Amino acid sequence: MIDKVMNMEIISKKIKVLTIDDEQNFTEEIHEYLQKTGFESYTANTVRPGLAILKKNEIDLLILDIRLPGANGLDILKQVKEEHPKLEVIIVSAHGDMESVIQAMRLGALDYLRKPFRHVDFQIAIERTQKFILLNQKLQMMEEKNSLISQNLSEKIDRNFVGESQKIRQVLDLAITASEFSDTNVLITGESGTGKENVARIIHYASNRKDNVFCGVNSSAISESLLESEFFGHKKGSFTGAISDKQGFFEITDKGTLFLDEIADMPINLQAKILRAIEEKKITRVGETHQISSNFRIIAATNHDVDQLVQEKKFRLDLMHRLNTLHIHIPPLRERNEDIEPLMQYFVNDFSVKLNKPEMKLDKKIIVALKQYDFPGNVRELKNMTERAMILCKGDILNVEDFPLKTKSVVMESGEVEVLNLQENEVRLIRLALRNFMFNQKKASDALGITRDSLIRRMKKFNIKIRKDD
Ligand SMILES: Nc1ncnc2c1ncn2[C@@H]1O[C@H](COP(=O)(O)OP(=O)(O)OP(=O)(O)O)[C@@H](O)[C@H]1O
Ligand SMILES: [Mg+2]
């Protein structure tokens, strides 16, 4: 794809010119001049062979006498413009025939020459037309290049989102719905590394906002004193350091998407200002008084429990209501085991190319072991451990030993891998019991052989939440 783009830049075609005029001296003179100055020149002294040349070759410019014997030049002009809309035409007219010239220009001729003309007039007309044609060609090339790049990007994004589990398919379905309603704000929740930013990009690039900006902002990465000016922009001189007028994120993302990453880190006073901007779709730059409209769409993300954030008064309830019109929750990787193998295969292929390694095979035991693993860092952790293993692996088969998990696991005689870590098993059993008894804590604690209070204490300790859709 990129090669295609590059090639387009190298190819610069010769401009093809056809001259139709009944005076042979005239066509010969023009032919000689055009050939000398680097054009590809064709000539005809009557209409019919002229039109045949036009049909066969991709002519860029036609120099047409509108006083041809036995033919009406204006009719010919009309016909060729209809059949070849991209063809440019310079007409040649007799002195005093201004009426025809005006009509020809109305029919789309680019320029005209009046006979008898001076050589320099002809030269100027040709050079001007040449510039125009080259500019048009460049413009067309840019358009093609842009569409190739965005096509390339969207293909890449499609391929980048890997997963086969029912849960991840539901996530993708919701993301597609979100892309269709491109004015609706979306909140994406999920543990660190589950793919929140990935999903935000998918929504943006599948929506009709895709040709405009996707701007990702993590407010914890910006010093608090600058936050307001970064979001709303500022007027030159409105504070020390404001050396020129500046657009803020809301303005930049007009017709695009503003991705607010980790909203839990957003200071509470900024939340009030952001709420107003969302409600009014208007912002005021720092130091200005007038408002500027901006048609932005917000996708927000957090790896915190949003209800808890609101309860603890770290996040405004009214702003949360504005942000989570559509809520997409990405389950942790440990709860969608089926995705581990396809994800891993995808990363292995990807890193084979990036690290210039031969195609590597996966020992199936790795998948069995990884399915037992807790993956606190989710997909990002899987990606990183695959890269590390591929860098260190000497042969062309990746083995369990290439994946030093934080968990101590053993391979049983049956080939099954068992985790020996007590705490991990405790967490796993608690989750299993809860799910098995539809989150009924009494039944789950009975099955585990502990009291309900003890179960609740452990759930708090290990940060196990009850979520019925898990
Ligand atoms: N389904 C998936 N298919 C392919 N790659 C994925 C998938 N999910 C996540 N990734 C990859 O995992 C890495 C982490 O994803 P991303 O940055 O989107 O996570 P996040 O939820 O925003 O994490 P954090 O909360 O830490 O910001 C990225 O390199 C991303 O490309
Ligand atoms: Mg992220």
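In the predicted model, helix α4 (residues 73-83) has G73, I76, L77 and V80 as its buried residues. Viewed down the axis of α4, these buried residues fall within an arc of 100°, so they line one face of the helix. An α-helix has 3.6 residues a turn, so residues three or four places apart point the same way. The other side of α4 carries the exposed residues D75, Q79 and E82. The packing partners of the buried residues of α4 are two helices, α3 (47-56) and α5 (98-106), and two strands, β3 (61-65) and β4 (88-94).

L77, from the buried face of α4, was also considered relative to L398. These two residues are 321 residues apart along the chain, and their C-alpha atoms are separated by 70 Å. L398 is placed in strand β14 (residues 397-398). It is classed as buried because 20 C-beta neighbours lie inside 10 Å, and the threshold for this class is 20 or more. When neighbours within four places in sequence are set aside, the contacts of L398 are M360, L362, D363, I366, A389, M390 and C393.

The surroundings of ligand 1 comprise 17 residues, of which the closest are S192, G195, K196, E197 and V379. Helices α8 (196-206) and α16 (378-392) each contribute at least two residues to this shell. Classified by residue type, the shell around ligand 1 contains nine polar, four nonpolar and four charged residues.

A helix-helix contact is formed by α18 (residues 441-448) and α19 (residues 452-461), whose axes come within 8 Å and cross at roughly 95°. This crossing angle makes α18 roughly perpendicular to α19. On the α18 side, the contact is made by Q441, K442, A444, S445 and L448, and on the α19 side by R452, S454, L455 and I456. By class, four nonpolar, three polar and two charged residues take part in the contact of α18 with α19. Of the ten residues of α19, one is buried, so the helix lies largely in the open. N463, which follows α19, has a positive phi, near 55°.

Further backbone features were found in loops. The peptide bond between K115 and P116 is cis, with omega at about -10°. P116 is located in the loop between β5 (111-115) and α6 (119-160). K313 and F375 were examined for their phi values. K313, although not a glycine, has a positive phi of about 60°, and its position is in the loop between α12 (306-311) and α13 (317-323). For F375, likewise not a glycine, phi is positive at about 50°; this residue belongs to the loop between α15 (364-372) and α16. The burial of each residue was also assessed. K313 is exposed, because 9 other C-beta atoms lie within 10 Å, whereas F375 counts as buried because it has 22 C-beta neighbours inside 10 Å. The loop that holds F375 leads to α16, a helix that supplies at least two residues of the shell around ligand 1.

Conventions: Residues are numbered from 1 along each chain as its sequence is written. Chains are lettered from A and ligands numbered from 1 in the order in which they are written. This is a predicted model: local features need pLDDT of at least 70, side-chain atom pairs count only at pLDDT 80 or more; totals for chains, interfaces and linings use all residues. A residue is buried if 20 or more other C-beta atoms lie within 10 Å of its own, exposed if 12 or fewer, and partly exposed in between; C-beta atoms are placed from the backbone. Helices (H or I, at least four residues) and strands (E, at least two) are DSSP runs, numbered from the N terminus. The arc is that of the directions from the helix axis to the C-beta atoms. Two residues are in contact if their C-beta atoms, placed from the backbone, lie within 7 Å. Axes are lines fitted to C-alpha atoms, for helices over the stretch in contact, and angles run from 0 to 180 degrees between N-to-C directions. Angles under 35 degrees count as roughly parallel, over 145 as roughly antiparallel, 65 to 115 as roughly perpendicular and the rest as oblique. Ala, Val, Leu, Ile, Met, Phe, Trp, Tyr, Cys and Pro count as nonpolar, Asp, Glu, Lys and Arg as charged, and the others, Gly among them, as polar. A residue is near a molecule or strand if its C-beta atom, placed from the backbone, lies within 6 Å of it.
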